[in-house]
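Visitor: I'd like a quick tour of this model, starting with the rings. Can you put it on screen?

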Amino acid sequence: MLKKMLFGTYTKRTSKGIYQADFDTETGAISDVELLAEVGSPTYLALSDANVLYAVDKQDGQGGIAVYDYDGNQATLKQEVIADGASPAYVAVDEARQLLYTANYHKGTVEVYSIAADGTLTQTDAFQAEGSGPRPEQDGPHMHFANLTPDNRLVAVDLGSDKVYTFDVSEAGKLSEAAVFETEVGFGPRHIRFSNDGKAAYLLGELSSQLSVLDYDATTGRFSLRETVSTKPEDWTEHNGAAAIYLSNDGRFVYTSNRGHNSLAVFKLADDGSIAERVQLISTEGDFPRDFALSPDENFVIATNQNTDNATVYQRDAQTGLLTLQTKDIAVSEPVRLTFVK
């Protein structure tokens, strides 16, 4: 069976915007990579259940969100919500409340938009983070992630100030701060994912190349630290930045990407959600891997390498979690984000 996949990219060199391709769920083959929509540096994408595609949009010193109708083959621009300054780094859809969330790295903000029946956006709220950290990259707040918790709060991750915010969200799209978790200084949190039961969260530190397991209290929205492990080899002394994190659907394995070491790290989880061990580090066969994805049936993992313009496919063993290289030379210009169409 062929499934559509979408690539968000930078447009600094050769890329023109959002690309789509066909993925064969039986063989893991990727074919017919083609331009879907021409837009400036759509580094992150989110597709709603109504098949409205929301993409980061950058043009002429302004940034924001481009809104497209997507029919599985073509994308038709409906709206651009842009303002002066940098574009967001992350986009997420709240289907239950029909809201859209963005996290803006350069502005240090989280913004909330209501989604109209036709998919268009109207801003309802914004949160401005404050603070900084000890590393050069932490000169101010740098929001890198904003998405839902299992109990439908909003969790936002600030790389700049080493903080993770939990917000209550009203039906009208208004935020109220419920809790703030502070990591070790210099951790540089980037992305967070939750266990199936919602009791554990996995926080990835870009600047520290570490993965922390947090306990989550749904009563209060508070996080507490359980343990921290490294995503890279102990003897790796060159630059590295952890990027993306995903869990297998069975809750047994965590996957993270390393930019610098240029690898995917595979962690096996214990029954209580703790890290049992890191079972694999495997090359992404390119330079500067950012996002990656498990295929819909999780028999494959696909990674993207921004600087070498290629995607890499691995076979995945569901029992061991281990990856085996299948294909490493799929041409995609400046890839950042990868998502499958439902």
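Visitor: Are Tyr216 and Phe223 buried or exposed?
Guide: First, a caveat: this is a predicted model, where local features need pLDDT of at least 70, side-chain atom pairs count only at pLDDT 80 or more, and totals for chains, interfaces and linings use all residues. Residues are numbered from 1 along each chain as its sequence is written, and side-chain values use heavy atoms, with hydrogens and water left out. Buried means under 20% relative accessible area, exposed over 50%, and partly exposed in between, with a 1.4 Å probe and protein chains only. By that yardstick, Tyr216 and Phe223 are both buried.

Visitor: Which aromatic cluster do they belong to?
Guide: Rings of Phe, Tyr and Trp (its six-membered ring) pair if their centres lie within 6.5 Å; planes under 30 degrees apart count as stacked, over 60 as edge-to-face and the rest as tilted. The cluster is made up of Phe181, Phe194, Tyr216 and Phe223.

Visitor: How many aromatic pairs does the structure hold, and how far apart along the chain are Phe23 and Phe340?
Guide: The structure has 12 aromatic pairs. In one of them, Phe23 and Phe340 sit edge-to-face, 5.3 Å centre to centre with 80° between the planes. Phe23 lies in strand 2 (residues 17-24) and Phe340 in strand 28 (residues 335-340), putting them 317 residues apart.

Visitor: What share of the 342 residues in the protein chain is buried?
Guide: The C-alpha atoms fill a box of roughly 45 × 45 × 35 Å along the principal axes. Of the chain's 342 residues, the buried share is 58%.

Conventions: Helix = DSSP H or I, 4+ residues; strand = E, 2+ residues; numbered from the N terminus.
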